[in-house]
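Subject: Handing over a structure

Dear colleague,

I am passing on the structure below, together with an account of what was found in it. Please keep it open beside this message as you read.

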Number of protein chains: 2
Amino acid sequence: MLKHGGNLGEMVHRLGLPEADWLDLSTGINPHGWEFPTPPPQCWYRLPDRQDGLAEAAAAYYGTEAVLPVPGSQAALAMLPWLRGHARVGVTAPGYAEHGAAWSRAGHDVIPLSASQLAGGAGTAFDVLVVINPNNPDGTYFEPQTLLEWRTAVASRGGWMIVDEAFVDTTPAYSLAPYCPLPGLIVLRSVGKFFGLAGMRIGFALGPDNLLQRLEEALGPWSVNGPARWVARQALADTGWQARMRTRLPAEAEHLHALLARHFDQRIVGTPLFRTVLTPRAAEVHEALAREAILVRLLDRQDGLRFGLPPDEAGLARLDAALRRISTPEPSRA
Amino acid sequence: MLKHGGNLGEMVHRLGLPEADWLDLSTGINPHGWEFPTPPPQCWYRLPDRQDGLAEAAAAYYGTEAVLPVPGSQAALAMLPWLRGHARVGVTAPGYAEHGAAWSRAGHDVIPLSASQLAGGAGTAFDVLVVINPNNPDGTYFEPQTLLEWRTAVASRGGWMIVDEAFVDTTPAYSLAPYCPLPGLIVLRSVGKFFGLAGMRIGFALGPDNLLQRLEEALGPWSVNGPARWVARQALADTGWQARMRTRLPAEAEHLHALLARHFDQRIVGTPLFRTVLTPRAAEVHEALAREAILVRLLDRQDGLRFGLPPDEAGLARLDAALRRISTPEPSRA
C-alpha cells in the first residue's frame, strides 16, 4: 500500500504516545467538520435508496445533473482504469499517488508529468490525462480555460481527461463541474475534505452519462453507505456554512503559512486546506514533530512536509512551540 | 443495472403510496438489526484507521486471521474479476446475479451452473468457480466437505473458488471461513444481512494473503467507512446477541413458511432469512401485493417470489390478510 496522511494509529503504536495526546495535521481535511444530528436508524438498517434526494442536492451544489455518488473519490479513481483498453496515461506527479498506482495496476502505461510539463501542454498527447486541481501537495492551480482546451484536444482523439478536484471547494471558480457533461471529461469531487467528513466515504464523479453509467455498474449497487448519503445530502445544501468556510479556511491557512514562514526559509505552497514546505530537512523534522506527538505528512520523496490546518489557537501554539524547539536544539549534554 | 430487492423508493414513486405505509419484505435482511449507540464523532470526521480493532474482532468471529474488511461483499465481488487474466467462470444460477455480471463486465466467459449441475461436480472444470452457500434465492446448502473437494480440484490448476456466504451466519457449520486461508479459496461474508445493518456497507473477504493484499490495493485505502468499522467491531463481538438470533430467525422463518404454505401449493424453499415460493403466478402476486403496499422480491425469471421476514406479528398478519384477498378475489362488479 502507498503511504498517506491519516495513519495516526500506526504512529501511536510505534511511538507509544497516547492517541488523545496527538495533534494530527497529517491530512488536508477541514478540522471544523460539518456538524449534524444523528442519522435516523433506517439509514443503517436498510439498503441505501437511490431516490433519497442526494442526487438533487448534489446537482444543486455542483451545478450539473451529470453527477454520480461514489464511495469516496478514491473508489472512483481506482475503478476508472478498468473501464478502458490499454492506454498511455499522463498523471500529475508529484500529486495524489493513487492515480498512477491505479492505472499501473490495470496494466496501462503511466507517465508522470510535472506541473510545469503540464503547463507547457505536454498532457494533451496522452490517451488519458489525469490532472489534480488544485494539486496536492504543491497547491498548483490550473485555469479552467486551459483545462477545457486540454479536454478538447484529448477528447477529440477519444481520450479522457480526469480532473481530481478533491481540494477545489474553497475556490469553486477553478472547478470544471459546471461545464459537465462534456465528452471525455470526468471530474472527481470529494466530500471528505472541505466538509471535514473523511470517515464517511462519499464523493462524486461528474461526467457524460455513458461513462457514469459504466462506472456505476462497475461499482455495483448500494456502493455508498446510507448514513453518508443522509449526511451529505444536508451538507451539500447548507450554503450558509459553505460560505462561512470559504472565508474561514483561507484565513486559517494564512495564519498557518505565517507560522511556518517563521521556522522555514523555504518557499511555502498550498491551498486553503494545507500548506507544504519543501525542505531537505523534511524527514528529520517529521520525526522530531512525531516525538512531540504532532503528526504531519512527509512527502513520498522525503523532500517536503505537508501541514493540515490545526483545529484551534492551542494547536497553532503547540505547533509553533514544537518547531521552535526543533529549530534551536538544546545544547548537547555530552 | 440489475434489479434487486430493496428498491422501495422506486415503488413508492411508481404507486404513490406513502413510504411509511409499506411493508418491505423485498430483501433477506434481518428485520431485528443489531442495536448500537451513536458512533463517536471522530468516526465521521477522521479517515478510517486500520488499527481500530476491527481486524481482531473479525478474526474472532470468522475463526481466521485471513480476513480483509471490504465496503460490502458486493464491492469485493465486483473487483475480483479484474484481478486475474481471461478465465472460464462457472457461476451458480439462478443465484445472486451480480457475480455473473461482474465477471462478464471484466471480459471473462461466464457459464451459468444450476445447483444440480454443481452437485454433480460440474464446477471443478472451470478456472473460477463461484458458489453461493446457502444459495439465494433457492436456499440450497452445499456441504463444506464437498466444497473443500471442489476447492482442491480448482486450486490444483491455479484456479479460484469463490464462496459467497452472505446468508450463512445463522448456520455457521456450513461456512468455509474457519478453513481459510487455503490456496485459491476466497470466502465473501456480509455484515448487512444477519446483523441487519445493510445500510452500513461493510463485509469481509477471507482468503490467502497475496490475494487479499491485491484486493485491498485494488479497492484503495480507507475503503470501509469509519462508523461502519466502529459498529461492526462491536456487533461481531456480541456473541450473546448472535446466539439469540440463531434461535430466533429460524423460528420466525418457520412461521413465515407455514403462512406461505397456507396460500401457495408450490414447494417453498429458503434460509432462516427468507423464503422463496416458485410459482407461475409470481408476477401477478408481486403486483397485487404492491398495490397493498407490501413489497416482495420478484425473481429475475419471474418464476418465483422471495419473502423476507416480517418485522413483527402485525407484519405477518398483514401479509396473511393480503395473500388471502389475492387468492380469493372479490366477485366482479361487472
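In this predicted model, helix H3 of chain A, which spans residues 54–62, and helix H9 of chain A, which spans residues 226–237, have axes that come within 9 Å and cross at roughly 35°. The crossing in which H3(A) passes H9(A) is left-handed. On the side of H3(A), the residues that take part are A:Leu54, A:Ala57, A:Ala58, A:Tyr61 and A:Tyr62, and they meet A:Arg229, A:Ala232, A:Arg233 and A:Leu236 in H9(A). Sorted by class, this contact of H3(A) with H9(A) holds seven nonpolar and two charged residues, and no polar ones.

H3(A) is also part of another arrangement, which involves an open sheet of seven strands in chain A, ordered E2-E8-E7-E6-E5-E3-E4, with mixed pairing. At the edges of this sheet stand strand E2 (67–70) and strand E4 (109–113) of chain A, each of which pairs on one side only, and the twist from one strand to the next averages 20°. Within the sheet, strand E5 (residues 128–132) and strand E6 (residues 160–164) of chain A pair in the parallel sense over five bridges, and A:Leu129 stands opposite A:Met161 in E6(A). H3(A) packs on this sheet, where it touches E2, strand E7 (185–190) and strand E8 (203–206) of chain A, and the direction of H3(A) makes about 120° with that of E2(A). Helix H5 of chain A, residues 98–105, packs on the sheet as well, touching strand E3 (88–92), E4, E5, E6 and E7 of chain A, with a direction that makes about 160° with that of E5(A).

Chain A has a further open sheet, in which four strands follow the order E9-E10-E13-E12 and the pairing is antiparallel. Its edges are strand E9 (268–271) and strand E12 (297–298) of chain A, and because each has a single partner strand, one side of each is left without a neighbour in the sheet. E9(A) is joined by four bridges to strand E10 (residues 274–278) of chain A, the two running antiparallel, and A:Ile268 stands opposite A:Val277 in E10(A). The helix that packs on this sheet is H11 (residues 282–291) of chain A, which touches E12 and strand E13 (304–308) of chain A and whose direction makes about 40° with that of E13(A).

Turning to chain B, helix H10 (residues 239–263) and helix H12 (residues 313–327) of that chain have axes that come within 10 Å and cross at roughly 15°. Since angles under 35 degrees count as roughly parallel, H10(B) and H12(B) are therefore roughly parallel to each other, and their crossing is right-handed. Here B:His255, B:Leu256, B:Leu259, B:Leu260, B:Arg262 and B:His263 in H10(B) meet B:Leu316, B:Leu319, B:Asp320, B:Leu323, B:Arg324 and B:Ser327 in H12(B). The residues of this contact divide into six nonpolar, three polar and three charged.

Finally, how are the two chains related? Chain B can be laid on chain A by a turn of 180° and a shift of 0.0 Å along the axis, with an RMSD of 0.0 Å, and the two copies are thus related as by a two-fold rotation axis. Of the interface residues of chain B, 100% are also interface residues in chain A, so the copies meet through the same surface.

With kind regards

Conventions
Residues numbered from 1 in each chain as written. Chains lettered and ligands numbered in written order. Predicted model: local features only at pLDDT ≥ 70, side-chain atom pairs only at ≥ 80, totals over all residues. Heavy atoms only, no water. Axes fitted to C-alpha atoms, helices over the stretch in contact; angles between N-to-C directions. Left-handed = near helix turned anticlockwise from the far one by under 90°. Contact = heavy atoms within 4.5 Å. Nonpolar A, V, L, I, M, F, W, Y, C, P; charged D, E, K, R; others polar. Parallel < 35°, antiparallel > 145°, perpendicular 65-115°, else oblique. Least-squares fit on C-alpha atoms with pLDDT ≥ 70 in both. Pairing = 2+ DSSP bridges.
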